[in-house]
Every structure is written in C-alpha cells, then in structure tokens.
Amino acid sequence: MPPSLRATAPAPPAAGASPWRSLRYRSMRWWSVANLVSNAGTWMQLTVQNLLVLQITGSAAATGLSLSVQAAPGLLVGMAGGAAVDRWPRKLTAAVSQALLGLVAFTTAFLVATDRLGLGVLMALAAVTGLIATVDGPACALLGNDLVRTEDVPSAIGVGSLVHNAGRLAGAGLAGVAVAFLGTASAYAANGLSFLFVAAVIPFLRPVGEPARPPERTAAEPGPAGAPEGRGREGRERDAAGMTVREGLAFFARRPRLVGLAVVCGVSAVFGRNYGLTLAVLVTGPLAGGAGAFGTVSTVLAVGGIVGAVLGARLRRPSVRLVGTLAAAGGLLQAAAGLSPSPAVLLVLVLPMAVAESVSDTAGTTVLQTDPPPHLRGRVLGVWSTVRTVWSLAGPPALGLLMELAGARGALVAGGLVIAAVVLAGRLAHGRRAAAPVLLAPEPAAVRPALGTAA
C-alpha cells in the first residue's frame, strides 16, 4: 500500500503535563482497555498457578523450577526475540504473539480440566510461554508507544502501570471466584480469552506515525560495493540479514546512558526493591509486628506505587540522571527504613520510598524505549530483557545471603547505601569524561532526529 494511503491517527492537541494526556489518543484508550483485560486474565492465572503446580507435583522445588523454566528463554534468546520485533511488522507480531499465548493458556486449561497435565508437559508449556514472551514483551511495549507522540510516552507508560495494578487487583479477586465455582482450569481459560481480546483489538489500532524501518534502497540508489543496483528479493533479504542481534548489542554497549541505566536498575534490583522479603522480616522480627502490620506496610507500598505512576506520567523527557537521582533517594530512604524504631516510623518512610521507585521506573522505561533509533528499539529491548533476567535471578539469592550475614536491618541499610554510592560514583565518573559517540550506518533524514533524544 502506498504511504499516502496508510491510515495514521491524527495527533491530538498538546495536553501540557497532564498524567492522562496519552488517553487523548483514541487508539491508546482502546489499548489501555485491552491491557486491563489482559492483566486481569494474567493475574487470574498467576494467582492459581503455584497452587496448581503444588497440586500436580506436591513439591515446592518443582514450583520454583517451573518459574525458572519460564524465565530461561528471556536469558537465552531474549535478544533474538527483540531482533524479530525489529524485523517483522509490529502490529502483526503483537497480534500473533498474543494469539499464541492464548493458545497455550487454552491448552493448559484443557489439560487441567481433563486431568492430563503432568510435570513434563507443565515444564514444556512454561518454556513455550517464556519463549513467546521474548517476542510479545517488546512488541506490545513498542506498539503502545507508537500510538502516542514521543513526548507523551511517559504518560502512556504511567497509565500502563496503573492499568497493571488495577488488573492485578481485579485478577486476584476474580481468580478466587472462578476457582470456587468453576475450578482451576477456568482461570487459564479466562486468561486465554483475555489474550484473544487483545489480539482482536490490535488490527484496529492506528499509530500516530509509521514506525521507522531500516533504510530501503530504490532502483536509483546503489547497493553495497559489488552488489547489483535495486532492491528486489536479494535486497530485501540483505536488509533482513542486517537486522542482527549483534547490532542491537553493539548499540547498547556503546551507548553510555543505556549502560548507566542498566547499572542503576541492576543495583537497585539486587540491593533494594525485594521488599516482600526484607520488610516482611523487619516487621515481623526486629519491629515485633505481626502479619497485620506487614499487610499495612504492603498496602502503603502499593499506594506509593500508584501515586508514583501518576507523577511519572507527568514527565515529558525524562533522563538517566533523573532515574539515578530517584534511585539514590530511594536507597537512602531504604537505609533509613532499616533503622526504623517502630512500625509507625517505617510507614512514614515507606510511602516516599515507593513513590521514588515508581517514578524512577517510569522514567527509566521511557528512556529505554525512546532513546534508541526506531529501527533498533526491539533489539535494545531484547538486550534489556536478557540483562533484567540476569539480575532477577541473581537478586533474591544475593539478598538472602546479605540478610543471613547482616540481618534485615543490616541488609536494608547496606543495600540502600550501596545504591546511593553507585549512583554517586556514576555521576562523578560521567562528569570527568565526554560521552563517546555512537557510530551507526547512515540513515535517512527522517530517522536521524531519533538519535538526538535529550538526556
């Protein structure tokens, strides 16, 4: 179809710094509804998944193994999944991946309902789900960004965070009702329907602008030295072969702000954020609180996350410096929380700590998804998926070891100070050197401005 006939959504008028400005786009409203349904279905399944594994195997170790098997593809082929997102049409990729995830959910529901789900099949389905997710994750994230202008991406991410939390609450509640009246298989079937709903909505979404693709040579443009002119089939195959995982990895490694973002987020993930573990031990141990007290702390953390998502959605062009500043502030608040003399003082510190973490997440995700040139974003997200899987697997054991050596208070204090120290060291190092340029293959004029994203 000629570019002039492609349907694109007209950009709404500017809405200032409103956290809801992304919802002025009609397609973004539909996408948010679809994600709410999908998140509710996903959390319905997650709520009963561990219970299902325990019912089938009777082993807690098998439960942990199933989670590791599902995460493994993100570590092993995450970068390849990102490359696939760059190579294939984004809407089609997202729709197909959602439909495939729905098929896996329906298959699981059928096997559970007919009592045919054994440990081997369960692990295979977990691995397939993780494999599809390596493509689905970056495809859906970037598709959502295509529905709004660049300055409204923080709002879209903030709204997405709110939708995620709302879906989590709704899904957990619906899971109990569904299992009580219809059985465990119903949660998987509902999740399958939610995936199909998203897949059905995607074809009707209208991006604000056509996503940038790698440059295409015409008959008038010469190809590489010694290659025949014109594109044809060979030219298209050459372009596809050039969209390699290595190119995305090289861009990420040579982009100081992305490396800095990975370091900040990795240190924060390993030495902080695992509050379900550290704060639970602190509240029930040194602070002599009970399950009710920890429930209150968890509620305050959730409220802070929601407030932070709204504040983060007001950002327009966040930077890695902002992410680092918020991470350092959160680390210092975490250290102070570790020294809390009472649950009341802890609650006072937990709220701003959760707000800082949530705003930092929105800012970091925005930088990650908008800093690379459009034709490399899938591969950069693939690299990020691999890095994130590494620290997700390494974080809990490292934090557990730290708690064994220093206790809950010591782990919170030491972890918070490490986060702040790493951010400070990064700022000092950045101030002493000039950023190295990132060399890319020549791009058309329409693509080059994407490389000038403000820090």
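Of the 455 residues of the protein chain, 45% count as buried. The model is a predicted one. With the whole chain displayed, 15 helices and zero strands are present. Of the contacts that link residues at least 6 apart in sequence, 85% join residues at least 24 apart.

**First stop: helix α1**

Select S27, which is placed in helix α1, residues 26–57. Is S27 buried or exposed? Its relative accessible area is 9%, so S27 is buried, the limit being under 20%. Now display what surrounds S27. Apart from neighbours within four places in sequence, S27 is in contact with L147, F204, L205 and R206.

**Second stop: the loop before α5, and α5 itself**

Move to D115, in the loop between α4 (90–113) and α5. The relative accessibility of D115 is 72%, and D115 therefore counts as exposed, a class that begins over 50%. Its backbone also deserves inspection: D115 is not a glycine, yet has a positive phi of about 60 degrees. Most residues other than glycine have a negative phi.

Continue into helix α5 by selecting residues 119–146, a run of 28 residues. From first C-alpha to last, α5 reaches 40 Å, close to the 40 Å expected at 1.5 Å a residue. Where is the kink in α5 centred? Select A133: the kink is centred on this residue and amounts to about 35 degrees.

**Third stop: the loop between α11 and α12**

Select A288, located in the loop between α11 and α12 (291–312). With a relative accessible area of 66%, A288 is exposed. Phi of A288 is near 55 degrees, a positive value in a residue other than glycine.

**Fourth stop: helix α13 and its surroundings**

Select residues 320–338 to display helix α13, which has 19 residues. The distance from its first C-alpha to its last is 27 Å, close to the 27 Å expected at 1.5 Å a residue. Next, colour the buried residues of α13: V320, V323, G324, L326, A327, A328, G330, G331, Q334, A335, A337 and G338. An α-helix has 3.6 residues a turn, so residues three or four places apart point the same way.

Which helices do the buried residues of α13 pack against? Add α10 (256–271), α11 (275–284), α14 (343–370) and α15 (377–431) to the display, for these are the partners.

Keep α10 and α13 in view and hide the rest. The two helices pack at an angle of about 15 degrees, and their axes are 10 Å apart. Because of that angle, α10 is roughly parallel to α13, a description that applies under 35 degrees. The crossing in which α10 passes α13 is left-handed. To see the residues that meet, select R257, G260, L261, V264, S268 and F271 in α10, together with V320, V323, G324, A327 and Q334 in α13. The α13 residues V320, V323, G324, A327 and Q334 also belong to the buried set coloured above.

**Last stop: E357 in α14**

Select E357, whose place is in helix α14. The relative accessible area of E357 is 24%, which means that E357 is partly exposed. Leaving out residues up to four places away in sequence, E357 touches R273 and Y275. Finally, draw a distance from the C-alpha atom of E357 to that of G331: the separation is 9.3 Å, although the two residues are 26 residues apart along the chain. G331 is one of the buried residues of α13, and α14 is among the helices against which the buried residues of α13 pack.

How values were computed
Residues numbered from 1 in each chain as written. Predicted model: local features only at pLDDT ≥ 70, side-chain atom pairs only at ≥ 80, totals over all residues. Heavy atoms only, no water. Helix = DSSP H or I, 4+ residues; strand = E, 2+ residues; numbered from the N terminus. Expected span 1.5 Å × (residues − 1). Buried < 20%, exposed > 50% of the residue type's maximum accessible area, 1.4 Å probe, protein only. Contact = heavy atoms within 4.5 Å. Bend = angle between axes of the 7 residues up to and from the residue. Axes fitted to C-alpha atoms, helices over the stretch in contact; angles between N-to-C directions. Parallel < 35°, antiparallel > 145°, perpendicular 65-115°, else oblique. Left-handed = near helix turned anticlockwise from the far one by under 90°.
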